[in-house]
Amino acid sequence: MNMFTLSGKVAVVTGGNGGIGLGMARGLAQAGASIVVAGRNAQKSAQAVKDLQALGAKAIALEVDVTDEQSCCQLITDAVSKMGRLDILVNNAGTNIRKQPQEYSIAEWRQVLDTNLTSAFVCSNAAYPHMKQAGAGKIINIGSMMSIFGASFSTVYAATKGGIVQMARSMASAWAADNIQVNCVLPGWIDTELTQGARRDVQGLHDRVLARTPAARWGVPGDFSGIAVFLASPASDFVTGTAIPVDGGYSIQG
Ligand code: NDP
């Protein structure tokens, strides 16, 4: 048996229409999974579906606003009814608002919290009964270097990314008996729309990242295809509650 095969499996990837989410979706598709691309921007999602179909995978797009509980629950219900099952959930959708801590409004705090953390809580809980009934499941959450470190310009984001690791450990512990593994991936600095904004907002960031990263480059979405396959496949059946950096060594540099 190929322990990395995902044929016959169905994956929902929030924010799967671009950046790291699409990098993960491509890996899952190449390993044989069918993909539900879940995002707000219908045009980006349609393009991502084409991209995944070109790899030979079955793929559909479903629209979701992950800040809306009802929309998250509907996403999971529709994914199961259209694809027949749900084996893998990737909680990847995320956002950031970069300010000093004292400058955030409560509305901004809630927007980042709802997008990055509450969404993963709601989607995971909605997926749980389907995975439990199937006797297996894989949930992959996306943390950050800010699951480990703080940053003056990312108070709310860091709170959500620290929180998602603790949430994953708790769900991993609760659902291990149901053969559902819950893990986190902690990306280093990856070249996506999100960090193109960061490089505009934070002076010197581009060069600081290069100087600190032993691999001496920014990451690219394709760097996430392999870890997605590992954490979605039988190869990781005894791996749960972990937070795995995919960062070119950024987090081990003293
Ligand atoms: P992108 O901006 O490329 O992707 C963000 C994705 O989230 C988009 O696909 C977007 O879809 C989706 N999204 C955002 N808000 C919502 C919402 N309310 N409802 C539905 N979908 C939403 O950035 P990245 O690929 O970089 O980010 C992906 C994840 O990786 C995030 O969780 C981010 O925090 C994390 N990360 C990224 C790092 C990096 O260096 N790039 C480092 C560490 C973590 P749409 O366009 O359709 O709204």
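Here are legends for four close-up views of this predicted model.

**View 1. Helices α1 and α2 pack side by side.**
Two packed helices are described by the angle between their axes and the distance between the axes. For α1 (residues 19-30) and α2 (residues 42-54), the axes come within 9 Å and cross at roughly 30°. Angles under 35 degrees count as roughly parallel, so α1 and α2 are roughly parallel to each other. The crossing of α1 and α2 is right-handed. On the α1 side, L22, A25, R26 and A29 make the contact, and they meet A48, D51 and L52 of α2. Sort the residues of this contact by class and you get five nonpolar, two charged and no polar ones.

**View 2. A closed cavity with no charged residues in its lining.**
Rolling a probe the size of a water molecule over the atoms shows where empty space is left. Here the count comes to one cavity of 30 Å³ or more. The volume of the largest cavity is about 50 Å³. Its lining is made up of T14, V66, N91, N92, A93, N116, S119, A120, C123 and I164. Helix α4 (residues 106-134) gives the largest share of that lining, with four residues. By class, the lining splits into five nonpolar and five polar residues, with no charged ones.

**View 3. The largest pocket, with 40 residues around it.**
This pocket has a volume of about 990 Å³. Look for N92, A93, G94, T95 and L194 in the middle of the view, since these are the lining residues that lie nearest the pocket centre. Which elements give two or more residues to the lining? They are α1, β2 (34-39), α4, α5 (155-175) and α6 (193-201). The largest share comes from α6, which supplies four residues. As for class, the lining has 19 polar, 15 nonpolar and six charged residues. Two residues from View 2 turn up again here: N92 and A93 line the largest cavity and are also among the residues nearest the centre of the largest pocket.

**View 4. The second largest pocket, with K9 and D237 among the residues closest to its centre.**
The volume of this pocket is about 200 Å³. It is lined by 15 residues, and those closest to its centre are K9, A136, G137, K138 and D237. What does the lining look like by class? There are six nonpolar, four polar and five charged residues.

Technical notes: Residues numbered from 1 in each chain as written. Predicted model: local features only at pLDDT ≥ 70, side-chain atom pairs only at ≥ 80, totals over all residues. Heavy atoms only, no water. Axes fitted to C-alpha atoms, helices over the stretch in contact; angles between N-to-C directions. Parallel < 35°, antiparallel > 145°, perpendicular 65-115°, else oblique. Left-handed = near helix turned anticlockwise from the far one by under 90°. Contact = heavy atoms within 4.5 Å. Nonpolar A, V, L, I, M, F, W, Y, C, P; charged D, E, K, R; others polar. 1 Å grid on protein atoms, 1.4 Å probe; cavity = no way out; pocket = protein on both sides within 12 Å on 5 of 7 lines; lining within 4 Å. Points joined across faces, edges and corners; volume = space filled by probe spheres on them.
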